[in-house]
Amino acid sequence: MINLRALALLMLLSLSPTMAWSEEKKVTAEDLANFVATAVANNPELKSTQSRWQMFVSKSRQTGALDDPMFMFKLQNMVARYPVAFDKDPQTAKVIGISQQLPFWGKRALKQEVAQHEAESYKWALEERKLELTRMVKETYYQLYAVDKSLEIVEKNLQILTDFTTIAESKYSVGQGVQQDIYKAGLEKSKMLDLQITLRQQRKSLEANMNYLLYRPDATPIGRIADYELPKQSLSAQQLKETAYEKRPQIKSLTSLTNKGQASRRLAQKEFYPDFNLFFEYMFREESMNDPGYNMFTVGFTFNLPLQRERRQAMVAEASSETTMSQEELNALKNSIGYSVNDLLAQMERRRKLVELYQGGIIPQAEQSLESAVISYKVNKVDFLTLLDGRVNLFNYERELYESLAEYMMKLAQLEAVIGTDLEAVPAITSPPAATSEQSPPPVAVLPTSDHFQHK
């Protein structure tokens, strides 16, 4: 009688992975777009970068303005014996004047151009920071997805191993099993519990990281991550690189710095020309010593003599070095983009093929192997270790499937950060007829866990 109950329990096990699995928790799935929008709106580091850009925009508006004019008032040629008398000497006068500093033609416009290019570089640095923040949010989001799926699989397998232990105990009690099978099942269950503890700790760390990126209380709970389909990727590496050259904010930032260096060099060359100071003075005189005391005025200008050529040549060299530095940094970035695009595409292709292999081959075969082991174990044709190995192998393949799904999306997020925009925003480019055989495979669907791992 005990043997029949054990076989019935084993048959139930082969038809349904776990009772708890069929009653999936009804939790609202988190929205990735909402996470990204919240991070961009609230992150303090991003706000700091935005304020720095606004600071340099305001600074650029100051550089093109003239210096304030200078007003002058003086008492000229006063007689020491009569300090408050203005009619004791014909040269005594009250003088007022005004002067204005005028840089050489073109200097003001070049100063403003330099400041504008610098402010523009900070503008694109802000956009680059947004890309980086978006990438980090997406990576954390899909890491949470992988951990959640692993926790679901662990919970399912814990229940299955509990059932395995019950079956082994039932067979042992009727003399058809060995006590070692019970210990093996218990050991494997302890391993699962150890993995469960680790995964729960990982999820708490990922939750804290996500809340940090979103700038909200670190104890804010994060719900489950919904299943998704792997998107199509129809652009070639060359098309992605061209898109990056056009869209990547860091390229635009370095281009602005290169333009700034060129404008600074032209400004340094203008320093070899003098600046001017225009002035006007008016003298109020009084009649004294038969002098009618007519009022007088003075008009003139002064300019500096640019004789310190060594200093000015150093300014030109400094600006030239700045231009070269920015240009080489731009070349290095383009080279890095080329490598990153090819590397990420290769990794994404590998992950996509792994997902297709797991879904279409390995996992169904592992399920069939486990089903065969269950049937054979019922009639004592295989030992308990074979049954346990089949369950562990299927468990590992299930985890690797979801890790590949999450890794693909993380690499996609990195690729979008490299090219500077979402791939959905890049218009598809029609391939020539000769290249139609290299079209991307259709999107890979992620089935709900309760359907995907249903044993037959």
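1. A good place to start is how the chain folds back on itself: among contacts with a separation of 6 or more, 84% are between residues 24 or more positions apart. Please keep in mind that this is a predicted model. The secondary structure comes to 11 helices and 4 strands.

2. On the surface, the chain exposes about 25600 Å², and carbon and sulfur atoms supply 54% of that area. Of the 456 residues in the chain, 41% are buried.

3. Next, the core. The largest nonpolar core has 65 residues, and Val-137, Val-341 and Leu-415 are the ones that touch the most other members. Two or more residues each come from helices H3 (32–42), H5 (107–173), H6 (179–214), H7 (237–247), H8 (249–270), H9 (309–378) and H10 (384–419). The most come from H5, which gives 16 residues. As general background, nonpolar side chains in soluble globular proteins tend to be buried together.

4. Leu-415 is worth selecting in your viewer. Beyond its neighbours within four places in sequence, Leu-415 is in contact with Leu-240, Val-341, Leu-344, Leu-345, Met-348 and Leu-423. Val-341 appears in that list and, like Leu-415, is among the core residues that touch the most other members.

5. Is Glu-139 buried or exposed? Its relative accessibility is 14%, and because the cut-off for buried is under 20%, Glu-139 counts as buried. This residue lies in helix H5. Leaving aside neighbours within four places in sequence, Glu-139 is in contact with Met-410 and Gln-414.

6. Now the strands. They form an open sheet of 4 strands in the order E1-E2-E3-E4, with antiparallel pairing. E1 and E4 (296–303) stand at the edges with a single partner strand each, so one side of each has no neighbour in the sheet. Ignoring direction, neighbouring strands are turned by 20 degrees against each other on average.

7. For anyone checking the register, here are the pairings one by one. E1 (residues 70–76) and E2 (residues 93–102) are joined by 7 bridges, with Met-70 partnered by Ser-99 in E2. Between E2 and E3 (residues 276–284) there are 9 bridges, and Gln-100 has Leu-278 in E3 as its bridge partner. E3 and E4 are joined by 8 bridges; there, Met-283 is partnered by Met-296 in E4.

8. Aromatic pairs deserve a look too: a search of the whole structure finds 13 of them. One of these is Tyr-145 with Tyr-402, an edge-to-face pair at 6.0 Å centre to centre with 70 degrees between the planes. What does this pair tie together? Tyr-145 lies in helix H5 and Tyr-402 in helix H10, so the rings link parts that are 257 residues apart in sequence. Both rings belong to buried residues, with a relative accessible area of 0% for Tyr-145 and 1% for Tyr-402.

9. A second pair sits in the sheet strands. Phe-276 and Phe-303 form a tilted pair, 5.7 Å centre to centre and with 55 degrees between the planes. Phe-276 is in strand E3 and Phe-303 in strand E4, so this pair ties together parts 27 residues apart in sequence. Phe-276 counts as partly exposed at 26% relative accessibility, and Phe-303 is also partly exposed, at 42%.

10. Last, a ring cluster to display: ring pairs link Phe-35, Tyr-141, Tyr-142, Tyr-145, Tyr-228 and Tyr-402. Tyr-145 and Tyr-402, the edge-to-face pair described above, are both part of this cluster.

Terms used
Residues numbered from 1 in each chain as written. Predicted model: local features only at pLDDT ≥ 70, side-chain atom pairs only at ≥ 80, totals over all residues. Heavy atoms only, no water. Core = buried A, V, L, I, M, F, W, Y, C linked by side-chain atoms within 4.5 Å. Buried < 20%, exposed > 50% of the residue type's maximum accessible area, 1.4 Å probe, protein only. Contact = heavy atoms within 4.5 Å. Areas by Shrake-Rupley, 256 points an atom, 1.4 Å probe, with all protein chains shown as cover. Pairing = 2+ DSSP bridges. Axes fitted to C-alpha atoms, helices over the stretch in contact; angles between N-to-C directions. Phe/Tyr/Trp six-rings, centres within 6.5 Å; stacked < 30°, edge-to-face > 60°.
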